[in-house]
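Subject: Structure handover

Hello,

Here is the structure I promised to pass on to you. Please open it alongside this email, and I will walk you through what turned up.

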Amino acid sequence: MKYQPNATAFTIPVRVYYEDTDAGGIVYYANYLKFFERCRTEWMRQAGHDQSRLADEQRVLFVVRKAACEYLRPARLDDLLTVGLEVEKLTRVRVVFRQHVRCGELELVSGNVEIVCVDADKLQPAPIPDFLYSQLEALK
(Lines give C-alpha, C1' and ligand atoms only; values in the text may rest on other atoms or scores of the structure.)
Protein backbone atom coordinates (compact mmCIF):
# COMPACT_ATOMS: atom_id res chain seq x y z
CA MET A 1 0.00 0.00 0.00
CA LYS A 2 3.01 2.32 -0.01
CA TYR A 3 2.25 5.47 -1.97
CA GLN A 4 3.34 9.05 -2.48
CA PRO A 5 0.75 11.46 -1.05
CA ASN A 6 -0.69 14.11 -3.31
CA ALA A 7 0.61 17.64 -2.72
CA THR A 8 -2.94 18.62 -1.73
CA ALA A 9 -3.24 15.93 0.96
CA PHE A 10 -4.68 17.20 4.26
CA THR A 11 -2.17 16.77 7.10
CA ILE A 12 -1.84 17.35 10.83
CA PRO A 13 1.18 17.13 13.14
CA VAL A 14 1.12 14.49 15.89
CA ARG A 15 3.76 14.21 18.61
CA VAL A 16 4.41 10.71 20.01
CA TYR A 17 3.86 10.65 23.77
CA TYR A 18 4.82 7.99 26.28
CA GLU A 19 1.20 6.78 26.39
CA ASP A 20 1.39 6.02 22.64
CA THR A 21 4.24 3.53 23.01
CA ASP A 22 4.52 -0.12 24.01
CA ALA A 23 7.00 -1.69 26.41
CA GLY A 24 9.69 -1.50 23.71
CA GLY A 25 9.32 2.27 23.30
CA ILE A 26 7.72 1.95 19.86
CA VAL A 27 4.29 3.31 18.93
CA TYR A 28 1.75 0.57 19.59
CA TYR A 29 0.27 -0.52 16.25
CA ALA A 30 -3.38 0.28 17.12
CA ASN A 31 -2.49 3.87 17.97
CA TYR A 32 -1.89 4.60 14.29
CA LEU A 33 -5.65 4.09 13.80
CA LYS A 34 -6.19 6.74 16.49
CA PHE A 35 -3.85 9.08 14.61
CA PHE A 36 -5.83 8.40 11.42
CA GLU A 37 -9.06 9.20 13.29
CA ARG A 38 -7.69 12.51 14.56
CA CYS A 39 -6.72 13.47 11.02
CA ARG A 40 -10.20 12.66 9.65
CA THR A 41 -11.80 14.63 12.51
CA GLU A 42 -9.66 17.68 11.79
CA TRP A 43 -10.35 17.34 8.06
CA MET A 44 -14.08 17.44 8.82
CA ARG A 45 -13.55 20.38 11.16
CA GLN A 46 -11.70 22.22 8.37
CA ALA A 47 -14.85 21.76 6.28
CA GLY A 48 -16.71 23.60 9.06
CA HIS A 49 -18.28 20.63 10.82
CA ASP A 50 -17.67 18.74 14.00
CA GLN A 51 -18.91 15.27 14.78
CA SER A 52 -21.01 16.20 17.82
CA ARG A 53 -22.89 18.96 15.99
CA LEU A 54 -23.64 16.67 13.05
CA ALA A 55 -24.98 14.08 15.49
CA ASP A 56 -27.09 16.60 17.41
CA GLU A 57 -28.40 18.72 14.53
CA GLN A 58 -28.44 16.39 11.52
CA ARG A 59 -28.83 13.08 13.40
CA VAL A 60 -25.98 11.45 11.45
CA LEU A 61 -22.80 9.75 12.57
CA PHE A 62 -19.75 8.57 10.67
CA VAL A 63 -18.48 5.13 11.62
CA VAL A 64 -15.56 3.08 10.38
CA ARG A 65 -16.64 0.16 8.22
CA LYS A 66 -13.23 -1.08 7.13
CA ALA A 67 -9.57 -0.32 7.87
CA ALA A 68 -6.33 -1.78 6.51
CA CYS A 69 -2.80 -0.70 7.39
CA GLU A 70 0.68 -1.52 6.25
CA TYR A 71 3.32 -0.91 8.92
CA LEU A 72 6.63 -0.08 7.26
CA ARG A 73 8.80 1.51 9.96
CA PRO A 74 8.36 2.23 13.67
CA ALA A 75 7.75 5.60 15.30
CA ARG A 76 9.28 6.24 18.70
CA LEU A 77 8.78 8.41 21.76
CA ASP A 78 8.98 12.17 21.02
CA ASP A 79 8.92 11.74 17.22
CA LEU A 80 7.00 14.48 15.43
CA LEU A 81 4.80 12.78 12.86
CA THR A 82 2.78 14.04 9.94
CA VAL A 83 -0.54 12.26 9.58
CA GLY A 84 -2.35 12.80 6.32
CA LEU A 85 -5.31 11.82 4.22
CA GLU A 86 -6.67 11.99 0.72
CA VAL A 87 -10.20 11.17 -0.35
CA GLU A 88 -9.98 8.18 -2.64
CA LYS A 89 -13.72 7.78 -3.15
CA LEU A 90 -16.84 9.67 -2.07
CA THR A 91 -20.36 8.32 -2.53
CA ARG A 92 -23.70 9.40 -1.07
CA VAL A 93 -23.17 7.11 1.94
CA ARG A 94 -19.44 6.45 2.31
CA VAL A 95 -15.99 7.95 2.08
CA VAL A 96 -12.82 5.96 1.40
CA PHE A 97 -9.57 7.56 2.53
CA ARG A 98 -5.93 6.88 1.73
CA GLN A 99 -4.05 7.74 4.90
CA HIS A 100 -0.42 7.87 5.87
CA VAL A 101 1.94 8.58 8.74
CA ARG A 102 5.36 10.04 8.05
CA CYS A 103 8.31 11.08 10.15
CA GLY A 104 10.11 13.66 8.07
CA GLU A 105 10.37 12.13 4.61
CA LEU A 106 10.09 8.55 5.84
CA GLU A 107 6.80 6.78 5.35
CA LEU A 108 5.97 4.77 8.47
CA VAL A 109 2.40 3.60 7.92
CA SER A 110 -0.03 3.72 5.00
CA GLY A 111 -3.59 2.54 4.89
CA ASN A 112 -7.14 2.75 3.67
CA VAL A 113 -10.09 3.59 5.89
CA GLU A 114 -13.72 3.46 4.78
CA ILE A 115 -16.31 5.36 6.79
CA VAL A 116 -20.07 5.29 6.34
CA CYS A 117 -22.76 7.74 7.27
CA VAL A 118 -25.42 6.27 9.55
CA ASP A 119 -28.67 7.52 11.04
CA ALA A 120 -27.87 8.36 14.67
CA ASP A 121 -31.11 6.86 15.96
CA LYS A 122 -31.38 3.67 13.88
CA LEU A 123 -27.65 3.07 13.33
CA GLN A 124 -28.47 2.17 9.74
CA PRO A 125 -26.76 3.56 6.62
CA ALA A 126 -28.04 7.01 5.68
CA PRO A 127 -27.18 9.47 2.92
CA ILE A 128 -24.65 12.16 3.72
CA PRO A 129 -26.71 15.39 4.01
CA ASP A 130 -26.66 17.35 0.73
CA PHE A 131 -24.96 20.45 2.18
CA LEU A 132 -22.18 18.32 3.66
CA TYR A 133 -21.78 16.11 0.60
CA SER A 134 -21.18 19.14 -1.65
CA GLN A 135 -18.58 20.52 0.78
CA LEU A 136 -16.78 17.19 1.01
CA GLU A 137 -16.85 16.88 -2.77
CA ALA A 138 -15.05 20.24 -2.97
CA LEU A 139 -12.32 18.98 -0.61
CA LYS A 140 -11.51 15.94 -2.77
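Is R45 buried, partly exposed or exposed? R45 is partly exposed, and its relative accessible area is 42%. Please keep in mind throughout that this is a predicted model.

Salt bridges

R45 makes a good starting point, since its side chain forms a salt bridge with that of E42, at 3.3 Å from N to O. Both residues belong to helix α1, which covers residues 31–46, and they sit three residues apart, about one turn of the helix. E42 has a relative accessibility of 32%, so E42 is partly exposed as well. In general, side chains of opposite charge can pair when their charged atoms come close. With a cut-off of 4 Å between a side-chain nitrogen of Lys or Arg and a carboxyl oxygen of Asp or Glu, the model has nine salt bridges.

Another of these pairs is R59 with D121, whose side chains meet at 2.6 Å, N to O. R59 is in the loop between α2 (51–58) and β2 (60–71), while D121 is in the loop between β5 (106–119) and α3 (130–139), so this salt bridge ties together parts that are 62 residues apart in sequence. The two partners can be told apart by their accessibility: R59 is partly exposed at 34%, whereas D121 is exposed at 56%.

D130 and R92 also form a salt bridge, with 2.4 Å from N to O. Here D130 is part of helix α3 and R92 is in the loop between β3 (80–90) and β4 (94–103), so the pair links parts that lie 38 residues apart in sequence. D130 is exposed, with a relative accessible area of 57%, and R92 is partly exposed, at 34%.

There is also a network of salt bridges, and its members are R65, K66, R94 and E114.

Strand β4 and its neighbours

Which strands does β4 pair with? One partner is β3, which runs antiparallel to β4 and is joined to it by eight bridges. Within this pairing, G84 has H100 in β4 as its bridge partner. The connection from β3 to β4 is a hairpin of three residues.

The other is β5, which pairs with β4 in the antiparallel sense over ten bridges. There, Q99 is opposite G111 of β5. β4 and β5 form a hairpin too, with two residues between them, and G104 in the turn has a positive phi of about 65°. As for cover, eight of the ten residues of β4 are buried, which leaves the strand mostly covered.

Around Y28

Last, have a look at Y28, which is in the loop between β1 (10–15) and α1. Y28 is partly exposed, with 38% relative accessibility. Leaving aside residues up to four places away in sequence, Y28 touches D20, T21 and D22. The C-alpha atom of Y28 is 9.5 Å from that of R76, although these residues are 48 apart along the chain.

Which residues make up the nonpolar surface patch that includes Y28? Its members are Y28, Y29, L33 and Y71, and the patch has an area of about 400 Å².

I hope this helps you find your way around.

Best wishes

Conventions: Residues are numbered from 1 along each chain as its sequence is written. This is a predicted model: local features need pLDDT of at least 70, side-chain atom pairs count only at pLDDT 80 or more; totals for chains, interfaces and linings use all residues. Side-chain values use heavy atoms; hydrogens and water are left out. Helices (H or I, at least four residues) and strands (E, at least two) are DSSP runs, numbered from the N terminus. Buried means under 20% relative accessible area, exposed over 50%, partly exposed in between (1.4 Å probe, protein chains only). Contact means heavy atoms within 4.5 Å. Patches are made of residues with over 30% relative accessible area and no salt bridge: like charges are joined within 9 Å, nonpolar side chains (Val, Leu, Ile, Met, Phe, Trp, Tyr) within 5 Å. Accessible areas come from the Shrake-Rupley method with a 1.4 Å probe; for residues, only the protein chains shown count as cover. Two strands pair if DSSP finds at least two bridges between them.
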